[in-house]
Amino acid sequence: QVHLVESGGGLVQVGGSLRLSCVASGNTFGLDTMGWYRQAPGKQRELVAIINSGGDRNYADSMKGRCTISRDNAKNTVYLEMNSLEPEDTAVYYCYVDTMVGVSPGFEVWGQGTLVTVSS
């Protein structure tokens, strides 16, 4: 099993910045994609940014230019730096990881979520 611990959420003013962190522990062998999704009230969960074990990144169109995802494989940690935050970025942000077993997909794990509130 893989356990995820998220940190860094909170209240920020419009135009501000936040850095989210997510540490994976447990059976982290084969960690592949790590990243972040978010869910705003009344909306579906959506991609924010992901990064795979090769360093390839994928960002939501709404976040391009406003966030940077990175990972530290030695620490099994993924980071999300967000800038120029807008009220529409208010949501619960969920850490996500998946694994590979050889060339086959392994399992997916979700974090408990961390709330980001952008006040105007």
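1. Tyr37 and Tyr96 are both buried, a statement that, like the others in this note, rests on a predicted model. The two rings form an edge-to-face aromatic pair, with 5.6 Å from centre to centre and 65 degrees between their planes. Since Tyr37 belongs to strand β4 (residues 31–39) and Tyr96 to strand β9 (residues 91–101), the pair ties together parts that lie 59 residues apart in sequence.

2. The aromatic arrangement extends beyond these two residues, as Tyr37, Tyr96 and Trp110 form one aromatic cluster. The structure as a whole holds 3 aromatic pairs, and the pair of Tyr37 and Tyr96 described above is one that a reader may wish to look at in the model.

3. Which rings does Arg45 lie over? The charged end of Arg45 sits over the ring of Tyr94, at 3.7 Å from the centre of that ring, and Arg45 also lies over the face of Trp110, where the distance to the ring centre is 4.6 Å. Trp110 is thus named twice in this note, as a member of the aromatic cluster with Tyr37 and Tyr96 and as a ring beneath Arg45.

4. Another arginine deserves a separate paragraph. Arg57 is placed in strand β6 (residues 57–59), and it counts as partly exposed because its relative accessibility is 46%. When neighbours within four places in sequence are left aside, the residues in contact with Arg57 are Ile50, Ile51, Ile69 and Ser70. In the case of Ser70, which is 13 residues away along the chain, the C-alpha atom is separated from that of Arg57 by 8.6 Å.

5. What does the side chain of Arg57 reach? It reaches the backbone oxygen of Gly55 at 3.1 Å, and a polar atom of the Arg57 side chain lies 2.8 Å from the backbone oxygen of Ile69, a residue that also appears in the list of contacts of Arg57.

6. Turning to the strands, the model contains an open sheet of 4 strands in the order β1-β3-β8-β7, with antiparallel pairing. Its edge strands are β1 (2–7) and β7 (67–72), each of which pairs on one side only, and the twist from one strand to the next averages 15 degrees.

7. At the β1 end of this order, β1 and strand β3 (residues 18–26) run antiparallel and are joined by 6 bridges. Within this pairing, Val2 stands opposite Gly26 in β3. As general background, the strands of a sheet pair through backbone hydrogen bonds, in either a parallel or an antiparallel manner.

How values were computed:
Residues are numbered from 1 along each chain as its sequence is written. This is a predicted model: local features need pLDDT of at least 70, side-chain atom pairs count only at pLDDT 80 or more; totals for chains, interfaces and linings use all residues. Side-chain values use heavy atoms; hydrogens and water are left out. Helices (H or I, at least four residues) and strands (E, at least two) are DSSP runs, numbered from the N terminus. Buried means under 20% relative accessible area, exposed over 50%, partly exposed in between (1.4 Å probe, protein chains only). Contact means heavy atoms within 4.5 Å. A polar contact is a pair of N or O atoms within 3.5 Å; within protein, one must be able to donate a hydrogen and the other to accept it, and residues adjacent in sequence count only if both atoms are side-chain atoms. Rings of Phe, Tyr and Trp (its six-membered ring) pair if their centres lie within 6.5 Å; planes under 30 degrees apart count as stacked, over 60 as edge-to-face and the rest as tilted. A charge sits over a ring if NZ of Lys or CZ of Arg is within 6 Å of the ring centre and within 35 degrees of the ring normal. Two strands pair if DSSP finds at least two bridges between them. Axes are lines fitted to C-alpha atoms, for helices over the stretch in contact, and angles run from 0 to 180 degrees between N-to-C directions.
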